[in-house]
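Q: Could you show me how to read salt bridges and nonpolar cores in a structure? I would like the general idea before each case.

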Amino acid sequence: MTAEASTRVRWTPGTRRRDRLEKPAVYAAAGVRHFWRIETEPVHVHAYDLVDGRYEPAGDSDEVLRLSKPFAIEVPIREIAP
């Protein structure tokens, strides 16, 4: 069995409203299965999974983000944040 993963990082300037409401709606409509929103002040990562056309929280952290989808990953937020 093989797993296929595609990762794209997209940095776009925006507002909180746009980042929290508009962008996720566009990504969900396009079928983006996993979406991370990164807040910068203070640094905090929010991860979401697409379920039935809507994003559901998959995890969030300002220290270590641990996720199991689309693959197991542990991201040391505190260590990589400026």
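A: Let us begin with a single residue in this predicted model: Arg78 has a relative accessible area of 55%, and it counts as exposed because the cut-off for that word is over 50%.

Q: Which residue does the side chain of Arg78 meet in a salt bridge?

A: The side chain of Arg78 meets that of Asp62, with 3.6 Å from N to O. Asp62 has a relative accessible area of 28%, and is therefore described as partly exposed.

Q: Where do Arg78 and Asp62 lie, and why does the pair tie parts together?

A: Arg78 belongs to helix α2 (residues 77-80), while Asp62 sits in the loop between β3 (54-61) and β4, so the salt bridge links parts that are 16 residues apart in sequence.

Q: Which residues are joined into one network by salt bridges that share partners?

A: Arg17, Arg18 and Glu22 are joined in this way. Within the network, the salt bridge between Glu22 and Arg17 has its closest N and O atoms 3.6 Å apart. Arg17 is exposed, at a relative accessible area of 55%, whereas Glu22 is partly exposed, at 36%.

Q: Are the partners Arg37 and Glu39 buried or exposed?

A: Both are buried, since the word applies under 20% relative accessible area: Arg37 has 11% and Glu39 has 15%. These two residues form a salt bridge in which the closest N and O atoms are 2.7 Å apart.

Q: How many salt bridges does the count come to?

A: The count comes to seven salt bridges when a side-chain nitrogen of Lys or Arg has to be within 4 Å of a carboxyl oxygen of Asp or Glu.

Q: What do nonpolar side chains tend to do in soluble globular proteins?

A: In soluble globular proteins they tend to be buried together. In the present model, the largest nonpolar core has six residues, namely Val45, Ala47, Leu65, Leu67, Val75 and Ile77. Strands β2 (43-51) and β4 (65-67) each supply at least two residues of this core. Apart from this core lies another, of five residues, including Tyr27, Phe35, Tyr48 and Tyr55.

Q: Which residues does Val75 touch, if we leave out those up to four places away in sequence?

A: With those neighbours left out, Val75 touches Trp36, Glu63, Val64, Leu65 and Ile80. Of these contacts, Leu65 is also listed with Val75 in the largest nonpolar core.

Conventions. Residues numbered from 1 in each chain as written. Predicted model: local features only at pLDDT ≥ 70, side-chain atom pairs only at ≥ 80, totals over all residues. Heavy atoms only, no water. Core = buried A, V, L, I, M, F, W, Y, C linked by side-chain atoms within 4.5 Å. Buried < 20%, exposed > 50% of the residue type's maximum accessible area, 1.4 Å probe, protein only. Helix = DSSP H or I, 4+ residues; strand = E, 2+ residues; numbered from the N terminus. Contact = heavy atoms within 4.5 Å.
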